[in-house]
Amino acid sequence: MKPFDCHVLQESLLSSASGYSNYRGILNWCVVMLVLSNARLFLENLIKYGILVDPIQVVSLFLKDPYSWPATVLTMFFISVTLQGTISETTGTFLYLVNLTTLLFFPSATVLTLTSITPVGGAFALCVYTILFMKLYSYKDVNMWCREIRHTKARPSVAQSNGSAVHAHVSYPGNLTHRDIYYFVFAPTLCYELNFPRSPRIRKSFLLRRLFEMLFFIQLLIGLVQQWMVPTIQNSMKPFQDMDFSRMIERMLKLAVPNHLIWLIFFYWFFHSSMNFVAELMRFGDREFYQDWWNSETITYFWSNWNIPVHKWCLRHFYKPLMRRGVNKWVAQTAIFLVSAFFHEYLVSVPLKMFRLWAFMGMMSQIPLAWFVGRFLRGNYGNAAVWISLIIGQPIAVLMYVHDFYVLHYVSQS
């Protein structure tokens, strides 16, 4: 190259052949534009509706009537029986099936029959019982597997970690204690083990940070719902009644932004702040509650990584047993979506006391969507398709249920 030459053979930075990948400035620009656009929407909301945030209103829902508490009381009731070799395998399986069936149908029957239970309280109670159902199902399976490999005696031996004693290693049937099952019930996992990984100590600073996040984000969630979601949903009823499709689409897109923001905040509040708080308090060592679902390039990758406790349970207690029985892989995956669709509908329709199957159909629609994205879209296009399905799909379901609830409880009565 001569001293006066200023050109070399090279590609433009934005060309894929250049190999350039440092787009941090563009990412920062996107964040700034996102903040400014949402700030405009927030200011518009304040000008139009004023300040609607009222934390006292949420508390008053439970305090104004003493009979609005059954949902809370309902979550405190469940039956667990620890039997150590006193009955046959068949009888034990029958009793467990009765118990697990009761865990699903007794709460739903109570929510449907008691008019004092609010939709929010009913949904909370059913969520608790669904989690308990999955935990006890795992508890049954693991102990059955232990019996199959004929572990007949507990052989405790104290292990050492960093020079300090940790919990004793326990073998079956030494795990069949009330202390063991209650630890599992409150632990942030759905899959039972005889010996959970345990952290050496409770980190107080970490615990306080998670507690602060829990308190802050739950208030933020309530405020966003009251200030942003409720007015938008209320203004969406007339276009649905008039079947004005252009206005319906506009309302859906307007609802998409606050709904998605609330969903993201809820994800962080529940899967990071809350579950890490419980795990730290109980010294539960496995903190993998989620993986990088935001990088999902396929629908199946998203569902496998955004909720790791449920994914592990489905894989361990549903998918693998089906595969061991010779079931086709595609059929097993479809069965998992079918079960997931049932529980989504169960947790929405029963508290609302109406059955419309929107959540069920939304979950089942993930099967053809997963096939389409996996077959025709790759890389960034697949990731964009996943984000679009999350941003647009949820508001559609929300508007469907709110519209039907409004028609059922207000229009029909008037």
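**The cores**

Start with the largest nonpolar core of this predicted model, a set of 52 residues. Select Leu136, Tyr139, Tyr192, Trp293, Phe302 and Trp306; these touch the most other members of the core. Next, colour helix H5, residues 119–148. Helix H5 gives the most to this core, with 9 residues. Now colour two domains: domain 1 (69–80 + 87–153 + 172–186) and domain 2 (214–413). Both give residues to the core, so it lies between them.

Then look for another core, which lies apart from this one and has 19 residues. Pick out Leu221, Met229, Phe277 and Leu399, which are among them.

**The annotated residue**

Go to His344. The UniProt annotation "active site", from an unreviewed entry, covers this residue. His344 sits in helix H12, which runs over residues 329–352. Is His344 buried, partly exposed or exposed? Its relative accessible area is 34%, so His344 is partly exposed, falling between the 20% and 50% cut-offs. Show Ala359 and Met363 as well: His344 is in contact with both, leaving aside its neighbours within four places in sequence.

**Two residues to compare**

Move to Asn276, in helix H9 (residues 245–281). Asn276 has a relative accessible area of 6% and is buried. Show its side chain: it reaches the backbone oxygen of His272 at 2.8 Å. Which residues does Asn276 touch, not counting those up to four places away in sequence? Select Phe206, Arg210, Phe271, Arg287 and Phe289.

Now select Glu213, in helix H7 (residues 204–234). Glu213 has 13% relative accessibility, which is under 20%, so Glu213 counts as buried. Add Tyr268, Trp269, His272 and Ser273 to the view. Glu213 touches these four, not counting residues up to four places away in sequence. His272 links the two stops: its backbone oxygen is reached by the side chain of Asn276, and His272 is also touched by Glu213.

**Confidence**

Finish by colouring the model by pLDDT. The protein averages 81, and 85% of the residues score at least 70. Which element has the lowest mean pLDDT, and which the highest? Strand S2 (residues 164–165) has the lowest, at 38, and helix H11 (residues 308–324) the highest, at 92. Select residues 151–166 last. Over this stretch the pLDDT is below 50. Beyond near neighbours in sequence, residues 151–166 have 25 contacts in the model. Where pLDDT is low, the predicted coordinates should not be read in detail.

How values were computed: Residues numbered from 1 in each chain as written. Predicted model: local features only at pLDDT ≥ 70, side-chain atom pairs only at ≥ 80, totals over all residues. Heavy atoms only, no water. UniProt positions renumbered as here; feature names shortened; annotations may be inferred. Helix = DSSP H or I, 4+ residues; strand = E, 2+ residues; numbered from the N terminus. Buried < 20%, exposed > 50% of the residue type's maximum accessible area, 1.4 Å probe, protein only. Contact = heavy atoms within 4.5 Å. Polar contact = N/O pair within 3.5 Å; in protein donor to acceptor, adjacent residues only side chain to side chain. Core = buried A, V, L, I, M, F, W, Y, C linked by side-chain atoms within 4.5 Å. Domains from an automatic or database assignment. pLDDT = per-residue confidence, 0-100.
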